[in-house]
Amino acid sequence: MPLAPAPPGGGAAWRRLLLLLTVLPLTLAALAFVLQWRGGGVDDPTARWPPHAFPGMAEPVRLSLPSSDCSDVLAGSSGPSFPYLRGWSFPSDSGAGLGLQPKVCVQTSTSAGLEQILPWLFYHKVVGVAQFLLFVEGRAAKPNVAGVLESIPGVKVVYRTKDLEDQQARSRIWNETWLSSFFYKPCNYELFVKQSLNMEMAIVMARDHGMDWIIHLDTDELLYPGGAAEYSVRRLLSEVPHDVDMVIFPNYESSVERDNIKDPFSEVSMFKKNYDHLPKDTYFGMYKEATRGNPNYFLTYGNGKSAARIQDHLRPNGAHRWHNYAKSPNEIKLEEAAVLHYTYTKFSDLTSRRDRCGCKPTKEDVKRCFMLDFDRAAFIIASTASEEEMLRWYNERVVWNDKQMNLKLLRKGVLTRIYTPMAIVQGLRESGVFTSVIAAGQPAVNEKLSPKKTDAQSQNVTRLGNLPIKLRASDSKASARKILQAELVFNDTDVTAVPPMSPPGLDDEHRHHSE
């Protein structure tokens, strides 16, 4: 039977449809090109925010820095900047932005310079910290550093003076037993006591500033708010249940991949995960590979840092924890967030730590000075070895230069890559934030250097005369302490300060399997 003929015009209709499908996308593409070329229709995400100035400064510009020590780290490079920081601004006065809840305060004790403090400080401003209480001494207390810090909104500077030491000698925790085992010992023990005494003062200062949470950090530590709905410590803490008093941030430890790091916050992206964030079989199964002949899994401490909700009877419990005179605090440990600890990231850290301590480089004497095994070994090497021997030791014990091993541990989850802090700090630098802050602080620096002025004239400086009555009127008499303790329901006399502690070792594996 012959086939029926195709309806007339059918082929022409298909040809017209194909032509339409071909021409339509080309027309839309041409229209989009014309709109973009004319500057309309297509939104540039980097142009959505007006060019606000950063705190106390004009439009960010490239400036020469007064100190050569800071220029390499704080100045922007000639390369392209991170564009999405354009127009970022911070509150123009210390009271601005505090309507955001909860209000988070970070306290530190530091002797570092601007090249370390400024990236640390502004990173934490980006992630939602509202107030900074800086207890400074050494280099951090010099006019060219302290003057800049005092000019930054939201920053309070407290100097380590004879008056401060006398005040702290009459403080409550100095006259109690839970910290006394660390008294009258050099180096790390002395630092630990200073940190605890400064934390005690910071609690009252933070409360008077209307803060909700307080965190003690060192300036080689960055908060990593993993697990929050946004990259914000404030958002992270806003999701903590109201009956929780303290939150533990397990620490991750930096794992440098070369021996010539200059700016750890911008150059280090690999970290060793905490015991608490790993399956126990993985931790113990990869322990020897992860330790690489060092005394412990981490070079330094492994027990994290904690944030405390500011409330009555709060006190420090050493630099790593908080406690409460009136009750046993309700404490939780975060499952994704962490403190990133950038320890021994620079080869010069070996000698700088050595120069801060006057102990003898013997196995017995270093026990008086350092709490952790690796610190002891590093001090002995830095005190007895040549520069070449130190560099070899540093590469063997600190630098992760075996790429195959790194890849194996990354696949197992022992090591991890975290790039966000690096991107934020690089972006702040390229946007001119650090150089502009230094420029804005020069009047305060000049005022400090003027023989006619004293540093007490700066409005951002906190001195003992300006401390709250609660701190200045502390009663150190034993009878007063007994009366106060009798009024409290909870007795914490058996609680001792929590020192920096190493993570579990292989000896703990048997206990893990028996549980």
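Start by selecting β5 and β13: these two strands pair in the antiparallel sense over four bridges. Two strands count as paired if DSSP finds at least two bridges between them, and strands (E, at least two residues) and helices (H or I, at least four) are DSSP runs numbered from the N terminus. Before you go on, note that this is a predicted model, in which local features need pLDDT of at least 70, side-chain atom pairs count only at pLDDT 80 or more, and totals for chains, interfaces and linings use all residues. Residues are numbered from 1 along each chain as its sequence is written, and side-chain values use heavy atoms, with hydrogens and water left out.

**Stop 1: the sheet**

Stay with the first pair and find L222, which stands opposite L340 in β13. Now add strand β7 (residues 251–254), which pairs with β13 in the parallel sense over three bridges. Select E253 here; its bridge partner in β13 is H341.

Which residues of β13 are buried on its two faces? Look along residues 338–341: A338 and L340 are buried on one side, V339 and H341 on the other, and both faces are covered. Buried means under 20% relative accessible area, exposed means over 50%, and partly exposed lies in between (1.4 Å probe, protein chains only).

Next, show the whole open sheet, whose five strands run in the order β5-β13-β7-β8-β14 with mixed pairing. Its edge strands are β5 (221–224) and β14 (415–417), each pairing on one side only. Neighbouring strands here are turned by 35° against each other on average, direction ignored. For such angles, axes are lines fitted to C-alpha atoms, for helices over the stretch in contact, and angles run from 0 to 180 degrees between N-to-C directions.

Move to strand β8 (residues 270–272), which pairs with β14 in the antiparallel sense over three bridges. F271 stands opposite T416 in β14. Then turn on helix α15 (residues 403–412), which packs on the sheet and touches β8 and β14; the helix direction makes about 85° with that of β14. Contact means heavy atoms within 4.5 Å.

**Stop 2: crossing helices**

Select helix α11 (residues 348–355) and helix α13 (residues 373–384). How do their axes cross? They come within 9 Å and cross at roughly 90°. That makes α11 roughly perpendicular to α13, a label for angles of 65 to 115 degrees (under 35 is roughly parallel, over 145 roughly antiparallel, and the rest oblique). Show the side chains of L350, R353 and R354 on α11 and of D375, A378, F379, A382 and S383 on α13, which make the contact.

Now add helix α14 (residues 387–397), where M390, W393, Y394 and N395 are buried. The buried residues of α14 pack against α11 and α13.

**Stop 3: the nonpolar cores**

A nonpolar core is a set of buried Ala, Val, Leu, Ile, Met, Phe, Trp, Tyr and Cys residues joined through side-chain atoms within 4.5 Å. The largest one has 74 residues, and those with the most contacts inside it are L118, W120, F122, L149, F249 and L350. Colour helix α3 (residues 114–126), which gives the largest share of this core, seven residues. Another core, of 19 residues, lies apart from it; L133, M205, A206 and I214 are among its members.

**Stop 4: a buried threonine**

Go to T110 in strand β1. At 6% relative accessibility, T110 counts as buried. Leaving aside neighbours within four places in sequence, T110 is in contact with I117, F135, V136, E137, A140 and T219. Try a distance label too: T110 and Q195 are 85 residues apart in sequence and 9.4 Å apart in space, C-alpha to C-alpha.

**Stop 5: backbone oddities**

Most residues other than glycine have a negative phi, and most peptide bonds are trans. Zoom in on the bond from Q101 to P102, which is cis, with omega near -15°. P102 lies in the loop between α2 (68–74) and β1 (104–110).

Finish in the loop between α5 (162–169) and α6 (188–208), where you will find Y184. Y184 has a positive phi of about 60° although it is not a glycine. C187 lies in the loop between α5 and α6 as well, and its phi is positive too, near 55°. Are these two residues buried or exposed? Y184 is exposed, with a relative accessible area of 74%, whereas C187 counts as buried at 14% relative accessibility.
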